[in-house]
Each structure stands twice: as C-alpha cells, then as structure tokens.
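User: I am new to protein structures and would love a close look at a single part of this one. Could you walk me through how the helices pack there?

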Amino acid sequence: MNAKRLCGETVMAPSRDSNVKRRETGENSQISYKKAINAKSERLLQNRKHANDIFDVIEYLQSDNEKEIICATNACGKIFCELFERGELYVGQLPPEDEIVPGDRSAEEKYHIFMRHRYNNCVELLLENIGHNVFQVKESSLCAVMKFVEAEGKHPLQKLDWSENYNFPRELIQALVEHLLSEKEDMSLLISRFQEFLEMDDVRYYFLSSVRDNITRVMERNKGAVIRVYQNNVFTLLSSINIPSQSSEMTNFLVKQETKHEDWKAAKLKEHKRAYEQMWLVFLRYKLPGSMYKKILVILHESIMPQMSDATLMIDFLTAAYDIGGAISLLALNGLFVLIHKHNLDYPDFYKKLYNLLEPTIFHVKYQARFFHLANIFLSSTHLPVYLVAAFVKRLARLALSAPPTALLIVLPFICNLIRRHPSCRVIIHRPSAAEEPCDDPYVMEEEDPAKCHALESSLWEIQTLQKHYHPDVAKAAMVINEPLSESEVDISKLLELSTFELMQRELKAERKTVPLEFDTATELLKSSKEVLGVHFSLE
C-alpha cells in the first residue's frame, strides 16, 4: 500500500503478511495499544497537524493480534464517520497522490485528498479482514463497513446527477458482496450476522442487484462449473432475504433522505420483487451441487415463489429438477403443484412422471408424507381417465408387498380412497378369472406409460395377500376391501407422519385379554420330581 504523508514524506505501509511489532507484552501491552490507538484518534480529530497519525491507526488493522485489529477497526469507524460529518473527505474523482504538484492545490484541498486516500486504504483492509480466521474480527469489520455505507449515503463522495442517480454507495456494497460470498471459506455464520442489515429496504434492494451481478461474474469465470463453497454461501445469503408483503411495510431505510424521489426503485415493492426474482433465476441457471437441489426445493413453494413477481418463471428449474428423479423429483412436486393449481400451468406428461416416481424407495425417504399428501391432491379430480387411476392403484398395491407396516397403513387407505373416487375401478378389486390363473397377471410393472401397463385387466390380489400380514393393523386395513366400500373417504392426514416407534408404542399400550392356553389338567405329561426319581430307582 503506497502512500504519502501529508508533509510530503513518502512511506510504505507494511504488507498484510508483516507483523505489527509491539515492545510491550501481556496486560501492559493491552493497555498500551488501546491507549495508543485512542490517543492518536483523538489527536488527529482535534488538530489537522496530527493527520499523519492515521497511518499508525490503520497499521493496527494488519496486526497479528485480533484484539488490536478490533480496537483499530472501531477507531477507524469513529474517525472516518466524524470526517464524513465534517465534510473533510474529498468529493469527486479522486486524483492519484503521486500526481499532486506542490502549489497546485490549496492546503485545505490537499488535506481532503489525503484523508480520502486514507479512507480508501482503511476500507480495503476492512474488506480483507472479513476473511480473517477469527469471527470477532470478521464481525467488527463487517459492522464498520456498514457504518461507512450509511455515512457515504448521507455524504456522497461522488458528485451525482439527481435526475439519474440516488446517493447510495453501490460500489461499496458490491465490494462487500465479493468478500462475503467467498469461493474458499464457509461464511454462513457471518452471513447470518449480516441478516440484520438486510431488513433495511435500501440495503436489501442494492444488495439483490449486487449479488446477481456477482453470481454471473463468478460462475462465468469458472465456466459454469460447480463451486460448492461459493454456491453454499450464495444460498445461505439468498435464503435469508425476506421481501415485505406490502408497500406500506417499506419504511426502514439505512440512508435517510431529505427529499422524496418518486422514481427511486429502492422504495418500490414491485422493484424489490423483480430484483429478488432476477437474483434467484440467475443463481438457478447454473449447475448446482446435488444436495443443494433438496435445500432449495424444500423452501421453494413457501419462501421463494410467493416473493417473486412472476412465479411461472420457475418452470424451467422445476421441470429440470422433476426430471432428475428420486427425492429431488418428490420435492419438485410442491413447486409444480403451485404452478399447476394457482397459475394454470399446462405440464405435459405430468401424471406419467408422477406414476414413475412410485418406486420401492418411496417408502423409505423422509419426504414420504409430503409425497402422499401431494399425490392425494393430484389424484383427487374425478375427471381423470379410469385407466390412469387403475394404474396408480395397481402399482401401489404391487409396491405394498414389500413395504413396511407404517407405509402400508398409509397405502391401503390411499388405494381405497382412489377406488371410492373412481367407481369404475371397482372391477379390479375382484376378478373371477384371476382366481383360476393366479400366476398370470397381465399387469406390466416395468411399463413406464400408465396407458400401456394393462392395470384394468388385472386384479388386486396383492391386497388379498396382505390380509394375512403379520401385523394385525395391516391385516385389518387390507380386509376393508372384502366388503362394499363406503362413500366417505378415510382421512389419511393423521397417518402420514406415523413412525415405527409410534406404531410399537400403540401396540404395547393396547389392552390385552387373558387367553386360556390349556383346558384340561395335565396328568401324564408333567409329573412331580419324586415320581420321576421313583421310576428311575425301580428301573435299576
């Protein structure tokens, strides 16, 4: 960091890797550096002839002692915020220090230029310290930078054209985003600390656009490859942003303005939603780590889509996620459900893909309850073709043969509800010809198209098999199909979260009747020990 002292003497500030040497040690050292920093800060603010003391204060920002860094950070915040209030920082295009010719400018202007350069040096070091290995240093540096954001907003360092610009330090926000979204270090803890500032409407708006530009720049530089640490940091930041639901709620601004500008986008809810939407679309445009698909899809339908101005723009991401298969496809159902039912999305082959999600693993994923809840909604329409409903019924019945009891207590009522909604499917409950040829089932489990699986030509022999299940509740649920089904459906919502532990506890707490095991008293089978010994001795 090259710099000139105000008197004209050229100096070289120490590099980031150099040590800030102190002669004192232990408790005396702690008292010493605090006194030194506070004394120099007070002195340079009281008299301009001590302006060169700012070098010593800034030098502490490069110390190996985190306590010295934190103390110097607080001091720098105090110094430069005071200089902003006094108007003692140069405003406009800052000239390089080595191009200032003696006698070319007034002493007042030279002082302003000098302190403006020191301010830039300080901001640069604070941004570097956001990547420090000690969290307290990260936090104090972040808070100091945000103080400068507020100060620059109140006292702009650039001459602005009010018809085109608004006095908010966007360049400083962009620099902060670059350091906050690290490509090498997990910054989730610091991002959670930064969430406090995202509650401010102007900070949030300019931050949204800065994050969007940063994602594009970083991902294009890496040619769209997965950058796990960086993308995790971006997701942590994006998922912590909340957009107000009404314009009347937008009253919290970091930079208070004297005049109201009607065209200021940061004060319009519509512009916030648009920036939020563009930020997410840019992030989802690139390839993501497999685990991140699940994180995004879990919150997408409740936390992301409602805050977007046009939720239908998520269709490309949702269809791509739905095509991945497995648990990711299950989670994508939530978002697709919102688009289909609330935005009239026409999704071709939706039921075909839903049918193919029915695999043995469906009973062993933690999103099982969510899947059956949504599948129940998707299959609730009475206008679905009978062959389609029969295909779902038959596939679920076949999968039930290898399902755990907790899943069976969901699947069996689910199947019965589908048949209740679609009486034309009753034909597959019991087909007389099936009893004569039990091994010749025309249903093709491997067929991906429900229209070609021949489900309507088959029967539900699987449910009859489950009537002999070892668990009494399962056997009882399977026997319901032996009698004419009632018109009222079974509420499966209470069964969706049923666990194996709860099922066992229910069995253990159930009342048991005493059952006699023997009616006649044993005579020959069981004898007393004396009788056995007597027989033994008589044989001898």
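Analyst: E68 counts as buried, because its relative accessibility is 3%, under the 20% cut-off for that label. This glutamate sits in helix 3, which spans residues 66–86. Keep in mind as you look that this is a predicted model. From E68 you can step across to V137: the two are 69 residues apart in sequence, yet their C-alpha atoms are 9.7 Å apart in space.

Now let us turn to helix 6, residues 170–180. Which of its residues are buried? They are L172, I173, A175, L176, V177 and L180. These buried residues pack against four helices: helix 4 (107–129), helix 5 (135–154), helix 7 (188–198) and helix 8 (201–221).

One of those partners, helix 5, deserves a closer look. Helix 5 and helix 6 have axes 9 Å apart and meet at an angle of about 165 degrees. Angles over 145 degrees count as roughly antiparallel, so helix 5 is roughly antiparallel to helix 6. On the helix 5 side, the contact is formed by L142, V145, M146, F148, V149 and E152, and on the helix 6 side by L172, I173 and L176. Sorted by class, that makes eight nonpolar residues, one charged and no polar ones. The crossing of helix 5 past helix 6 is left-handed. A handy rule helps when you read such lists: an α-helix has 3.6 residues a turn, so residues three or four places apart point the same way.

Next, find F194. Setting aside neighbours within four places in sequence, F194 is in contact with L142, M146, L176, L180, V203, F207 and L237. You have already met L142 and M146 in helix 5 and L176 in helix 6, in the contact between those helices.

F194 also belongs to the largest nonpolar core, which holds 168 residues. Along with F207, W280, F283, I296 and F371, F194 is among the residues that touch the most other members of this core. The element that gives the most to the core is helix 17 (residues 405–421), with 11 residues.

To compare with another pair, follow F371 to the packing of helix 13 (residues 326–342) against helix 15 (residues 368–378). Their axes are 9 Å apart, at an angle of about 30 degrees, and the two helices are therefore roughly parallel. Among the residues making this contact are L330, F337 and I340 of helix 13, and F371, L374 and F378 of helix 15. Nine residues of the contact are nonpolar, two polar and one charged.

Conventions: Residues are numbered from 1 along each chain as its sequence is written. This is a predicted model: local features need pLDDT of at least 70, side-chain atom pairs count only at pLDDT 80 or more; totals for chains, interfaces and linings use all residues. Side-chain values use heavy atoms; hydrogens and water are left out. Axes are lines fitted to C-alpha atoms, for helices over the stretch in contact, and angles run from 0 to 180 degrees between N-to-C directions. Angles under 35 degrees count as roughly parallel, over 145 as roughly antiparallel, 65 to 115 as roughly perpendicular and the rest as oblique. Contact means heavy atoms within 4.5 Å. Ala, Val, Leu, Ile, Met, Phe, Trp, Tyr, Cys and Pro count as nonpolar, Asp, Glu, Lys and Arg as charged, and the others, Gly among them, as polar. A nonpolar core is a set of buried Ala, Val, Leu, Ile, Met, Phe, Trp, Tyr and Cys residues joined through side-chain atoms within 4.5 Å. Buried means under 20% relative accessible area, exposed over 50%, partly exposed in between (1.4 Å probe, protein chains only). A crossing is left-handed if the near helix is turned anticlockwise from the far one by less than a right angle, and right-handed if clockwise.
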